Amino acid sequence: MALSRSMRACLHSGRLALLAILVSGGIVLQILACALYNNWWPMLTVLMYLILPMPLIFFLGSDTSSMMSNGGDGWVNFTKFLTGASIVGSIAIPSILKHAGVIGWGALTMELSSFVVFGVAILWFLQMNSEDEYSSMF
């Protein structure tokens, strides 16, 4: 059973709205991890979230297929390295802060939950962009 064009547009808008809610939830968790415990050190993780898309923007441009392939030239490999380092930093910064006794378990849990929510949002965005159904809709 094929859906009408307007129904597909409505479903796509709903998916975009849910994606926006996920990103907003990640931001709220990030801020709550700092505000609830009156300790703003966990906000260092925001630097990694800001640095994360930069290698993709600068080195790959709009070609996302080369990011998922095994081969590639030096710039693609360098981009993959910087992206991986940013992801590891997003997990390592709150863990190191907890190990040093700067933040508590609650802030660590909220920071890592924020990372998971952002990760789900990014993966869902990539999955939505790879669907051909929506690219041929308009």
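These are my notebook entries on a predicted model of one protein chain.

**Setup**

I number residues from 1 along each chain as its sequence is written, and side-chain values use heavy atoms, with hydrogens and water left out. Because the model is predicted, I take local features only at pLDDT of at least 70 and side-chain atom pairs only at pLDDT 80 or more, while totals for chains, interfaces and linings use all residues.

**Entry 1: overall make-up**

I looked up the secondary structure first. The protein chain has 6 helices and 0 strands. Helices here are DSSP runs of H or I with at least four residues, strands are E runs of at least two, and both are numbered from the N terminus. The order from the N terminus is α-α-α-α-α-α.

Next came burial. I call a residue buried under 20% relative accessible area, exposed over 50%, and partly exposed in between (1.4 Å probe, protein chains only). Of the 138 residues, 26% count as buried. The chain exposes about 8,800 Å², and carbon and sulfur atoms supply 73% of that area. Accessible areas come from the Shrake-Rupley method with a 1.4 Å probe; for residues, only the protein chains shown count as cover.

Then I checked contacts, meaning heavy atoms within 4.5 Å. Among contacts with a separation of 6 or more, 66% join residues 24 or more positions apart.

**Entry 2: helix H1 and Gln30**

I compared the length of H1 with expectation. The expected span of a helix is 1.5 Å times one less than its number of residues. H1 covers residues 5–35, so its 31 residues should span 45 Å, and its end C-alpha atoms are indeed 45 Å apart. The buried residues I noted in H1 are His12, Leu19, Gly26, Gln30, Ala33 and Cys34.

Is Gln30 buried or exposed? Gln30 counts as buried because its relative accessible area is 4%. Beyond four places in sequence, Gln30 contacts Pro42, Met43, Thr45, Val46, Tyr49, Glu111 and Ser114. Its C-alpha is 6.8 Å from that of Met110, 80 residues away along the chain.

**Entry 3: helix H5**

I turned to H5 (residues 105–130), where Met110 is among the buried residues. The others listed there are Ala107, Leu108, Glu111, Ser114, Phe118, Ala121 and Met128. H5 has 26 residues and reaches 37 Å from first to last C-alpha, close to the 38 Å expected. An α-helix has 3.6 residues a turn, so residues three or four places apart point the same way.

**Entry 4: the loop after H1**

I looked at two residues between H1 and H2. Asn38 lies in this loop, and helix H2 covers 45–51. Asn38 has a positive phi of about 50° although it is not a glycine. Asn38 is exposed, since its relative accessibility is 67%.

Leu44 sits in the loop between H1 and H2 as well. At 33% relative accessibility, Leu44 is partly exposed. The C-alpha atoms of Leu44 and Leu97 are 9.8 Å apart, with their positions 53 residues apart in sequence.

**Entry 5: the nonpolar patch**

Which residues make the nonpolar surface patch? I found Met54, Ile57, Phe58, Phe59, Trp75, Phe78 and Phe81, over about 780 Å². Patch residues have over 30% relative accessible area and no salt bridge; like charges are joined within 9 Å, nonpolar side chains (Val, Leu, Ile, Met, Phe, Trp, Tyr) within 5 Å. A salt bridge is a side-chain nitrogen of Lys or Arg within 4 Å of a carboxyl oxygen of Asp or Glu.

H3 (54–60) and H4 (74–99) each supply at least two patch residues. H3 gives the most, with 4. Trp75 belongs to H4 and is exposed, because its relative accessible area is 52%.

Leu82 is also in H4. Leu82 counts as partly exposed because its relative accessibility is 26%. Leu82 touches Pro55 and Phe59, leaving out residues up to four places away. Leu82 and Pro55 are 27 residues apart in sequence, yet 6.5 Å apart C-alpha to C-alpha.

**Entry 6: the record**

I checked the unreviewed UniProt entry, which annotates residues 43–62, 74–97 and 103–126 as "transmembrane region". UniProt positions are in the numbering used here, feature names are shortened, and annotations may be inferred rather than shown by experiment. Residues 74–97 are 100% helix and 0% strand, with end C-alpha atoms 34 Å apart. Residues 103–126 are 92% helix and 0% strand, with ends 33 Å apart by C-alpha.
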